[in-house]
Amino acid sequence: MLKIENLHAGVEDKSILKGINLEVKPGEVHAIMGPNGSGKSTLSSVIAGKEEYEVSEGNIVFEGEDIEELAAEERAHKGIFLSFQYPVEIPGVSVTNFVKTAINETRKAKGLEDMPAKDMLKLIREKSDLLEIDRKFLSRSLNEGFSGGEKKRNEIFQMAMLEPKLAILDETDSGLDIDALRIVANGVNKLKSKDNAVIVITHYQRLLDYIVPDFVHVLHNGKIVKSGTKELAHELEEKGYDWIKDEVNV
Amino acid sequence: MSKYTEDDLREELKTKEYEYGFYTDIESETFPNGLNEDIVKAISKKKEEPEWMTEWRLEAFRIWKDMEEPEWANVNYEKPDFQGISYYSAPNSKPKYDSIDEVDPELLATFDKLGISLDEQKKLAGVAMDVVVDSVSVATTFKETLAEQGIIFMSISEAIKEHPELVKKYIGTVVPQKDNFYAALNSAVFSDGSFCYIPKGVRCPMELSTYFRINQAGTGQFERTLVIADEGSYVSYLEGCTAPSRDENQLHAAVVELIALDDSEIKYSTVQNWFPGNAEGKGGVFNFVTKRGLCETNAKISWTQVETGSAVTWKYPSCVLKGNNSVGEFYSIAVTNNYQQADTGTKMIHLGKNTKSTIISKGISAGKSQNSYRGLVQINSRAENARNFSQCDSLLMGNECGAHTFPYIEAKNQTAQIEHEATTSKIGEDQIFYCNQRGIDTEKAIALIVNGFSKEVLNKLPMEFAVEAQKLLEISLEGSVG
């Protein structure tokens, strides 16, 4: 599904990613862990196509297609979804209106008509029930005055509505208490299937108790320095990141 | 006849040219440039006005002569040469173009985006109409429906002749001739405009609307509108047009007076889209408008405006809350792009007891434009328990535009409650990227953000107008980011 080869990227003159290799297959859950400043968020932004990042080397292949030249919205149309670490506020635009626009723009890109209002409402009802979201929440302005937990649930709700092939969860656990974390993680688990894949980007292992990864990769200084199974995450939790740094430096 | 509804009218208007009441004289004729007493007299004579009207115009002219053009607004422009303008022009009955193929394709593309019918497009662009349209019958049917209820809706020229007692009683009572430079000029030379009277206790059954047009290039345009809502009546009045008016460097100095007698309500909605000049800031309409309403006891006046056009806008729809318990509202969206400059806002003058006013102003600036909100909330000494709530929000796009807020508050009564809220925000790259990531392209993302920002005001517009205004906002800001 996603194949990243020797990816080098950065902002202006500062290089942040220094040769990433990663392959994600349908049905898999990958966790990318690493200390602050290791390039985790940069990696998610680069995959999603944020303009300010320059790719200087390597390539990103999604579903057999090189997507580097594609705009962020085109990548989204192909089924890449990023759950933001800090979702932005858009005052005056309701969650429903926003999701509706996102779905219809994606349909338009595929040459489809707008989704009929009836189907849209049905889908909204279905997904909000699945994620146990109060429907009153959906008429509020996007992320405006939302608590940390509400923002992240809103991200997962959008993911549920858009049904992406690849979902990247960027620090979805940050700012969540344990109950909110459980709700969000349950949502993600409900949406998982053999046809889609999830990349979980996190600093801590606690989210991985709920969203269990098939593979864990440790990012350090712009490179994946260690890969393993979920046990690696536990090891990191116990020992911290320093031993990895030491190991790399040796 | 009583079954004739607004929908029927709309249906008729779709297929027929609607040109209600303006310019009864179709002989094309333009007066020589310049302004003096003879010109004023000639205008009045041309329009076959009674002597009192001629005198009133002359009085205005004499006042204007000694006035200076105001300079306090936050706008810069080359002052018009008032002696270089022709002050009277009957509409040119000859079409500008013989076929729609001759019209600027960019203009037609905009019409299409706005969903304007082909016939309407031809009319707006000044193309000869190949369909024979019976505008007289539409106007007549419309008029009959209104007449049944005793509502008068006609051009002000007609009203001066047919209802002199009403015009004489009310004209200049809210905006006196000496009010300001442009109002004085308008009073002296006003070309035409609308007159509307709603009798006691009548609820006007349809939205009264009119398309304003600037007819001939190089001719100043001076509209005069007078709306009178008698005791206990209600009217919703729509002014303007979402279609762009492509006339260059024209001075537009309109005056609108609203009179809301006891227990009445006037809703006045405007969509203004005069030619703003090109992307380099050349050309464009100068729009200097004086709009004011007077509220008697328990009356309510609500101004809603969507301002997207004009090179320079100078406009402050205001309410004089004279009667006890009267209510004034101002809802505004002003968009400036490229080199446009807007200085707009409102004045809420609280004279009566328990008077209430609400101001919601949304300024959107893009390109190299400057957008200013200027508002005055004045609570006079006898206005016990007056209340005002003001909210001024500015949205900036890019790094070269400006947003300015000049709120003035004068409270002379201690019981007054005045609230003012203001925010300034910028459409951020983060917001755009967030939308992009959800599959929404940048153009659409801006439209979404702008609509969200403007929602409180758009919601105040009559439904159909709101949809058009929304499209207009999108078009006005096209290409302004990225």
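Two strands are said to pair if DSSP finds at least two bridges between them, and this idea is used in the exercises below, which concern a predicted model.

**Exercise 1.** Which residue in S10(A) stands opposite A:Leu169, and in which sense do strands S9 and S10 of chain A pair?

*Solution.* Begin with the two strands: S9 covers residues 166-170 of chain A and S10 covers residues 197-202 of chain A. They are joined over five bridges, and the sense of their pairing is parallel. Then look along S10(A), where A:Val200 stands opposite A:Leu169.

**Exercise 2.** Work out which strands stand at the edges of the open sheet in chain A, and why one side of each is left without a neighbour.

*Solution.* First write down the order of the six strands, which is S6-S9-S10-S3-S11-S12, with mixed pairing. Next, note that S6 (80-83) and S12 (223-228) each have a single partner strand, so one side of each has no neighbour in the sheet. From one strand to the next, the twist averages 20°. Finally, add helix H7 (residues 230-239) of chain A, which lies across S3, S11 and S12 and runs at about 45° to S11(A).

**Exercise 3.** Find out how many residues the largest nonpolar core has, and which helix gives the most to this core.

*Solution.* The largest nonpolar core has 111 residues, and among those with the most contacts inside it are A:Leu166, A:Ile199 and B:Ile364. Helix H11 (residues 442-458) of chain B gives the most to this core, contributing eight residues. A second core, separate from this one, has 53 residues, including B:Met53 and B:Tyr87. As a last step, follow A:Leu166: leaving aside neighbours within four places in sequence, its contacts include A:Phe62, A:Phe81 and A:Ile199.

Definitions and conventions. Residues numbered from 1 in each chain as written. Chains lettered and ligands numbered in written order. Predicted model: local features only at pLDDT ≥ 70, side-chain atom pairs only at ≥ 80, totals over all residues. Heavy atoms only, no water. Core = buried A, V, L, I, M, F, W, Y, C linked by side-chain atoms within 4.5 Å. Buried < 20%, exposed > 50% of the residue type's maximum accessible area, 1.4 Å probe, protein only. Helix = DSSP H or I, 4+ residues; strand = E, 2+ residues; numbered from the N terminus. Contact = heavy atoms within 4.5 Å. Axes fitted to C-alpha atoms, helices over the stretch in contact; angles between N-to-C directions.
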